[in-house]
Amino acid sequence: MKIAAALVLAACAAFAGSAEAVTLFASVSGPGSITGPGGLNCPGTCTVTVPTGAITITAVHAPTAVVKSWPYPGPCPALQDTCTFTITGDQAFPVAFEALTSLKLIVRGRPQQTGMFFGYVPKGTVSQQKWEIEVRNTGTASVPFPGITVLGGPFQHMNDTCGPTIFAGDYCTSLLFMNSALAGYFEGTVSLGDSVVQRLNLKGYAINTTEKRIALYDNGTPSALDTGEMQMGSTPVGGYSTRYTSLVNVGTQAVTIQPSELFHPFSVQNNCPATLAAGGFSCAVQVFYYPTTPGTHTATLTITTDAGTKTIQISGTAEDPSQRGTVDPAFVGGNGRFGTFQFEQAGVSTFNRVAFGAGGSIYTAGSLSISGGPETTTAVYKLDDQGLEDPTFGGTFGFTGRQYIDLYAGRTTEEPLGLAVLSNGKVIVVSATPGPTGTTDAIVRRLMPNGAADTTFGTAGATVLVGNGGSALIVRADGRIVVAGRSGTNIVVTQLTAAGVLDPTFGTAGKSVVATDGAPDGTVAMRETPAQELIVAHSFTASTNVNLALSRLMPTGVLDIRFGGNNNGRVNLSAGSNLELVRDVAIKSDGRIAIAFDMPNATQPTKRDFAVAQFLANGTADPAFGTGSVATRNVFGYSGAVRALEALPNGQLLLAGYVMGSTKNYIPATVLFNAGGTIDPTWGNGGARLTYVNEVRDMPYDMARDAQGRLVLVGETSAFYGFGGAYYSRALLVRLLLPDPPITTPKPKFDFDGNRNADLLWRNTDGRQAIWLMDGITSTSMAEIIGAGTGWMVTNVADFDGNGKTDLVWEHTDGRIAIYLMNGTTPTSTVQILNAGGGWTVTHTPDLNGDGKADLIFRNVDGTIAAWLMNGTTMTSGATLFAAGSGWSVIRTGDFDGDGKTDLVWQHTDGRLAIWLMDGLTVKSTRVILNAGTGWTVTHTPDLDGNGKSDLVWQNTDGSVAVWLMDGTAPTAFTGLIGAATGWSVTRTGDFDGDGKGDLFFLHTDGRAAIFLMNGITPTQTTQILNAGGGWSAKRVQDLNGDGKSDIVWENVDGRTALWLMNGTAFVSGAGLLGTGTGWSVSGVSP
């Protein structure tokens, strides 16, 4: 049956009653044609008679073209393939098509960004904010460069590097800026030629030179809005959460700010001075939420200045901690589940996948039973954040919020198993279907934001992947689509271009066969790493057993033989049973990989347990997780089926599925494991929770966590039994409460074996160096890594190959430089990267391009500063950052804008300080943050407020200590901590209480030591931990036992060394390591 048949008949009946005829003079330019009433079929110039009133015109074109423009005035935008016009008389009807090319226009370093904001620019001046755009040829053949076109507003481009032809794989750049002679708000566009596809939006304000103006920060960018929003998220009753907004003076005059006020359960901390200087200076207003009763709370924060008033609408939801994991009573009108059309007509029998779109909207993909028969096809729903249908989406059978999709030609059944929502509102859905030759195939479709088929994708909106079962979907940042699945015993990964055709740069002709021993049960699960590698998990058959397999593909689709240590890109694991079925996979923020599966219970093998296995980032089993890298939980004596896995920000792992009370009684179940594999006893009853939805069969198949930390489960349910005990399925949709967990701390900087416990690097006075692998205060292994008198010394440590293990940078007294890639105490690769006599030294090892692999910053004796991007021991590209004699040096590094790429703090010999925001070797933004001659320098760059952005710790020559909270290059709040001439200074930073916020370690000139636990710029606790005169100082602050809290490595002036394990400012346990006179000391190398 064709679902659209009734709609076609209705359209024909409407046309039969049409009114007076008029003439349409159609003209079509570009690679396409149009069709419509009156026999209109026009690829060029046509004249046709049509009825007056509303008529619908359809654009016909190949997947390699789009609609460039409809007639003006008209109701339809570019790129839309159907348009309805109201015709009242004879008229011209021009339609233009655009041929797609392999050229892509993007904001350099931000491929998902659709526009550029230039901020507030004094009129008659060039904007300080400049944006670099990139034109890249993603194809395999050269393409003529069509030029860069800037339309509308006072926007201009310069420094173009594009020639007449862009070769395959090559790119060129141009720099955009704003310069207006008039004040006002301006909008414009930049495009390749007159393209409507390769086009970006431009916005900016020009202000008078004597104007006072204040702006709120919106995601780090000054916003034009006078009203902002602040979502405090879900917060447990009795707990607290905090957010802040920044005010920036975007005018040219100083602005005075009046104090703000809020009332319970909110409070406000004003970190703004009475007068905020002009020139981009900013300050932070921090809001705290301390709920004592459950429910939703709102407030309005008013910020009054002599440049105008700004208001911020604040909202937060307080939840009883004992209710974590229970059904959200406000969801789906309090029903907590969702059903439509049971067996009477056509109905969605299951929701198989769930994803989130803009504004918290919920998308689901499910199986649709056609007319109650055996055929099933794909249905996609769009719901608002409360679970109610979105009227702007779909409309099949007259019901909005849902889009039912016709069965693909020649297929009898489809099961959607992949779903993704793009930033432009389009939807990718992947359905598994039996193939005509015995294969299991995947159908990949792209829908428009309104649910209609996107006919520019694939062939008429769809692409069939033969032999790919389509059970996992990833959409990469550049729009390419990756699908993984099983057909028979083959585990296959296929990559499509954004246009829906096989990507020839991936695998073999777009396809990579990961394994040929896939088990017939379980699923194929896949995730993408920050380095664009693909992690693929599946069950495999080994003799009579079914066990777990994990593989890693490089971005090109080739198996990464470094993964797992078996030289084949794969690692196998048996959890101790004969039937382990993979259900999902997740990548933690620290790079560890978790596989969710179910397996037979050890004592009652007819029942199945919830289980999870954890691996290190390099693919080896995680020895610190559970028992033998596996953790299990039987749920209250039932047999369970795992279906989904979520890695929470604090490192915990949440498994969702169901248990089988009887053949007619399935109950949703969730199990929460701590980061180390132990059960979280605060979740439900002993780490497991059953969620009754008051139905006979409630079976979740997928789970996703929204921006507020709530869990949305989708699956299958049934309302009743009838007709001889049969049951009828309908879709399940339920939301569970889950307040945001705390953020996990970063991985240790000295972790040579990748087990999350920091290790020790030693140096002897005779030149020997050694490594001790640590487990708390106990050394598990130790080895000398270089002998005496060689002239070599470790000068830096970092992870150069992205395997989660710290590597070494060596320098020789003659100037040679080398890198050792490490596996515990053993080098796996040693490469000299610079020869003697060059005058170079490595000063820092940041990750400039965010690929998870450290890069190098060099300084020459003549003052030249250079950078190399690295892949292990290989330089992939390099650049000079400052020429000789500039006076500038890199003194610190950090991630100040939270984009995962390390930025640079510079200091000049005259005392000036500046920050460069980096994207690889490209400088995104620069700003001098301190003028010459102040006596201040930056000593550390911790994240003091836990927002994922580095902050600054300052020390003055007079002894004063201050801290700045940063948002990119702009300070959002600042305060002095210690005055002049006190004798105290910050010597180390760490996270002593494990709250994800950097803390400060102070040392006094008389030997006293103290810890400041920090919450932003505010110390929450200050404790002296060591008295004067002992001769001890902290040589290193690092997490020795993997509990997420920093510990202390002490060294005495007489050569003794000792360890303290810490819990906040409290000593937990300690041990002395070395006595006096050994010649050994803990290396002072900075990571």
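I began at the strand pairing around R527, which stands opposite I535 in β42. The model I am reading is a predicted one, and I kept that in mind for each entry below.

**Entry 1, the sheet around β41.** I looked up how β41 is joined to strand β42, residues 534–542, and found 4 bridges between the two, which run antiparallel. I then followed the pairing outward and noted an open sheet of 4 strands in the order β41-β42-β43-β44, with antiparallel pairing. Its edge strands are β41 (525–528) and β44 (570–573), each of which pairs on one side only. I also noted the twist: neighbouring strands of this sheet are turned by 25° against each other on average, with direction ignored.

**Entry 2, strand β11 and its two partners.** I turned next to strand β11, residues 131–137, and asked how many of its 7 residues are buried. The count is 5, and I therefore recorded the strand as mostly covered, taking buried to mean under 20% relative accessible area. With strand β9 (residues 103–107), β11 pairs in the antiparallel sense over 5 bridges, and within that pairing I found L105 opposite V135 of β11. With strand β16 (residues 171–178), β11 is joined by 6 bridges, and these two strands also run antiparallel. Here I noted E132 standing opposite L175 in β16.

**Entry 3, a nonpolar patch.** I looked for the residues that make a nonpolar surface patch of about 180 Å², and they are L79, L100 and V197. I placed L100 in the loop between β8 (91–99) and β9, the latter being the strand that pairs with β11. Is L100 buried or exposed? Neither word fits, because its relative accessible area is 31%, and I entered L100 as partly exposed.

**Entry 4, aromatic pairs.** The structure holds 25 aromatic pairs, and I examined two of them in detail. The rings of W762 and W772 have their centres 4.8 Å apart and their planes at 50°, so I recorded this pair as tilted. W762 sits in strand β56 (residues 760–764) and W772 in strand β57 (residues 769–775), so that the pair links distant parts of the chain, 10 residues apart. Both W762 and W772 are buried.

I then compared notes with F1002 and F1012, an aromatic pair that is tilted, at 4.4 Å centre to centre and 45° between the planes. F1002 lies in strand β76 (residues 999–1004) and F1012 in strand β77 (residues 1009–1015), so this pair ties together parts that are 10 residues apart in sequence. I checked the cover of each ring-bearing residue: F1002 is buried, with a relative accessible area of 1%, and F1012 is buried, with a relative accessible area of 12%. Before leaving the aromatics I also wrote down one aromatic cluster, formed by F882, W888, W906 and W916.

**Entry 5, R402.** My last entry concerns R402, which lies in strand β32, residues 402–404. I asked why R402 counts as buried, and the reason is its relative accessibility of 4%, which is under the 20% limit for that word. I also looked up its separation from L383: R402 and L383 are 19 residues apart in sequence, and 8.6 Å apart in space from C-alpha to C-alpha.

Methods. Residues numbered from 1 in each chain as written. Predicted model: local features only at pLDDT ≥ 70, side-chain atom pairs only at ≥ 80, totals over all residues. Heavy atoms only, no water. Buried < 20%, exposed > 50% of the residue type's maximum accessible area, 1.4 Å probe, protein only. Pairing = 2+ DSSP bridges. Patch = residues over 30% accessible without salt bridge, like charges linked within 9 Å, V, L, I, M, F, W, Y side chains within 5 Å. Areas by Shrake-Rupley, 256 points an atom, 1.4 Å probe, with all protein chains shown as cover. Salt bridge = Lys/Arg side-chain N within 4 Å of Asp/Glu carboxyl O. Axes fitted to C-alpha atoms, helices over the stretch in contact; angles between N-to-C directions. Phe/Tyr/Trp six-rings, centres within 6.5 Å; stacked < 30°, edge-to-face > 60°.
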